[in-house]
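Take a moment with this fold before reading on. Let your eye follow the chain from one end to the other.

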Amino acid sequence: MIVGLDHVQVSAPAGCEAAARGFYGELLGLEEVDKPEVLRHRGGVWFALPDGRGLHVGVDGAHVPGARSHPALRLEGAAALALLVDRLVRAGAPIERDAALPGVARVHTRDPFGNRLELVAPTA
């Protein structure tokens, strides 16, 4: 039986590693983790989320970012979200705010490969 989510993977073109480290590691502040030796030849980069799950950037030779599919990353609160949005704006990342859900601050952005990301934080 399924007991939870282990990781989410977004796709990226070959040669994505430096940009992935810059965006997910430096800008978003995720910790890079070593890929298992048996998978390293595939390229890409893995990151750890603070809750023990992972975000994997995997190489796809025919990479086309999805228009709607996305991971949603949860932040501690609205203040943390505001700080991260400021960092993203200063880095030139696109920002789209969404107030559709009561009690939740939501922002959508795109990684360097066009993948959509949702950033969410409780407002109460």
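What follows goes from a helix pair to a core and then to one residue.

This is a predicted model, in which local features need pLDDT of at least 70 and side-chain atom pairs count only at pLDDT 80 or more, while totals for chains, interfaces and linings use all residues. Residues are numbered from 1 along each chain as its sequence is written, and side-chain values use heavy atoms, leaving out hydrogens and water.

Start with helices H1 and H2 (helices are DSSP runs of H or I with at least four residues, strands are E runs of at least two, and both are numbered from the N terminus). They pack at an angle of about 150 degrees, and their axes are 12 Å apart. H1 and H2 are therefore roughly antiparallel (the word applies to angles over 145 degrees). Phe23, Glu26 and Leu27 of H1 make the contact with Leu84, Arg87 and Leu88 of H2 (contact means heavy atoms within 4.5 Å).

Now look at Leu28. Setting aside neighbours within four places in sequence, Leu28 is in contact with Phe23, Leu73, Leu84, Arg87, Leu88 and Leu117.

Next, find Thr109. It lies in strand E7, residues 104-110. Is Thr109 buried or exposed? Thr109 is buried, because its relative accessible area is 2% (buried means under 20%, exposed over 50%, partly exposed in between, with a 1.4 Å probe and protein chains only). A polar atom of its side chain lies 2.6 Å from the backbone oxygen of Pro94. Beyond its neighbours within four places in sequence, Thr109 is in contact with residues including Phe23, Leu88 and Pro94.

How values were computed. A polar contact is a pair of N or O atoms within 3.5 Å; within protein, one must be able to donate a hydrogen and the other to accept it, and residues adjacent in sequence count only if both atoms are side-chain atoms. Axes are lines fitted to C-alpha atoms, for helices over the stretch in contact, and angles run from 0 to 180 degrees between N-to-C directions. Angles under 35 degrees count as roughly parallel, over 145 as roughly antiparallel, 65 to 115 as roughly perpendicular and the rest as oblique.
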